[in-house]
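Biologist: I have a structure to learn from. Could we go through it in short questions and answers?
Modeller: Gladly. Let us put it on the screen.

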Amino acid sequence: MATVNVTDASFKADVLDSDTPVLVDFWADWCGPCKMIAPALEEISEELAGKVVIAKMDIMENTDTPAAIGVQSIPLMVLYKNGQPVAQKLGAAPKGALKAWLEGEL
């Protein structure tokens, strides 16, 4: 399963109401580290399909949700379970480190 684009309008349905844990990657097109981790997140979404949904939210196109949850730096990945944020990771990291962190939180 590929990563899913999430918007302010779809955040509640796609993330908060999801029965599956959702990792939201808050990113922007101008963010170099965000672009560095994007391929790793695509691969992880395939490898962990059924266990977690990897979602991406462009903070420049969707400002309400990042503002509401206090996103100040990107890339910021927030893991939601049962509609609640349970873990977060700030900054880029190699794929192995991202996957190990995520698997440890699931």
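Biologist: Which residue is the bridge partner of Leu76 in strand 5?
Modeller: Keep in mind that this is a predicted model. Strand 4 and strand 5 run antiparallel and are joined by six bridges. One bridge starts from Leu76, and its partner in strand 5 is Leu90.

Biologist: Which residue in the turn between strand 4 and strand 5 has a positive phi?
Modeller: The two strands form a hairpin, with two residues between them. One residue in that turn has a phi of about 50 degrees, although it is not a glycine. The residue is Asn82.

Biologist: Is Asn82 buried or exposed?
Modeller: Asn82 sits in the loop between strand 4 and strand 5. Its relative accessibility is 69%. The cut-off for exposed is over 50%. Therefore Asn82 counts as exposed.

Biologist: What is the strand order in the sheet?
Modeller: Strands of a sheet pair through backbone hydrogen bonds, either parallel or antiparallel. Here the pairing is mixed, and the sheet is open. It has five strands, in the order 1-3-2-4-5.

Biologist: Which strands stand at the edges?
Modeller: An edge strand here has a single partner strand, so one side of it is left without a neighbour in the sheet. That holds for residues 4-5 and for residues 84-90. The edges are strand 1 and strand 5.

Biologist: How many bridges pair strand 2 with strand 3?
Modeller: Strand 2 and strand 3 pair in the parallel sense. Val22 stands opposite Val53 in strand 3. The number of bridges between these strands is six.

Biologist: And which residue of strand 4 is the bridge partner of Leu23?
Modeller: Strand 2 covers residues 22-27 and runs antiparallel to strand 4. Five bridges join them. In strand 4, the partner of Leu23 is Leu79.

Biologist: Which residues of strand 2 point the other way from Val22, Val24 and Phe26?
Modeller: In a regular strand the side chains alternate between the two faces of the sheet. Val22, Val24 and Phe26 point one way from strand 2. The other way point Leu23, Asp25 and Trp27.

Biologist: How many residues of strand 2 are buried?
Modeller: Both sets of side chains belong to buried residues. Strand 2 is therefore largely enclosed by the rest of the structure. The count of buried residues is six of the six.

Biologist: At what angle does helix 2 run to strand 2?
Modeller: Helix 2 spans residues 32-47. It lies across strand 2, strand 3 and strand 4. Its angle to strand 2 is about 160 degrees.

Biologist: Which residue's backbone oxygen lies 2.6 Å from a polar atom of the Ser45 side chain?
Modeller: Ser45 is found in helix 2. It is buried, with a relative accessible area of 2%. The backbone oxygen 2.6 Å from its side chain belongs to Glu42.

Biologist: Why is the aromatic pair called edge-to-face?
Modeller: A search of the whole structure finds one aromatic pair. The rings are those of Phe11 and Tyr80, with centres 5.6 Å apart. Planes over 60 degrees apart count as edge-to-face. The pair is edge-to-face because its planes stand at 85 degrees.

Biologist: How many residues apart in sequence are the parts this pair ties together?
Modeller: Phe11 and Tyr80 are both buried. Phe11 lies in helix 1 and Tyr80 in strand 4, so the pair ties together parts separated in sequence. That separation is 69 residues.

Biologist: How far apart are the C-alpha atoms of Ser18 and Gly83?
Modeller: Ser18 is found in the loop between helix 1 and strand 2. It counts as buried, at 15% relative accessibility. Ser18 and Gly83 are 65 residues apart along the chain. Their C-alpha atoms are separated by 7.1 Å.

Biologist: Which residues does Thr7 touch, not counting those up to four places away in sequence?
Modeller: Thr7 has its place in the loop between strand 1 and helix 1. It is partly exposed, with a relative accessible area of 33%. The residues it touches are Met57 and Asn62.

Biologist: Which residue does a cis peptide bond join to Ile74?
Modeller: The omega of this bond is about 0 degrees. The partner lies in the loop between helix 3 and strand 4. The residue joined to Ile74 is Pro75.

Definitions and conventions
Residues are numbered from 1 along each chain as its sequence is written. This is a predicted model: local features need pLDDT of at least 70, side-chain atom pairs count only at pLDDT 80 or more; totals for chains, interfaces and linings use all residues. Side-chain values use heavy atoms; hydrogens and water are left out. Rings of Phe, Tyr and Trp (its six-membered ring) pair if their centres lie within 6.5 Å; planes under 30 degrees apart count as stacked, over 60 as edge-to-face and the rest as tilted. Helices (H or I, at least four residues) and strands (E, at least two) are DSSP runs, numbered from the N terminus. Buried means under 20% relative accessible area, exposed over 50%, partly exposed in between (1.4 Å probe, protein chains only). A polar contact is a pair of N or O atoms within 3.5 Å; within protein, one must be able to donate a hydrogen and the other to accept it, and residues adjacent in sequence count only if both atoms are side-chain atoms. Two strands pair if DSSP finds at least two bridges between them. Contact means heavy atoms within 4.5 Å. Axes are lines fitted to C-alpha atoms, for helices over the stretch in contact, and angles run from 0 to 180 degrees between N-to-C directions.
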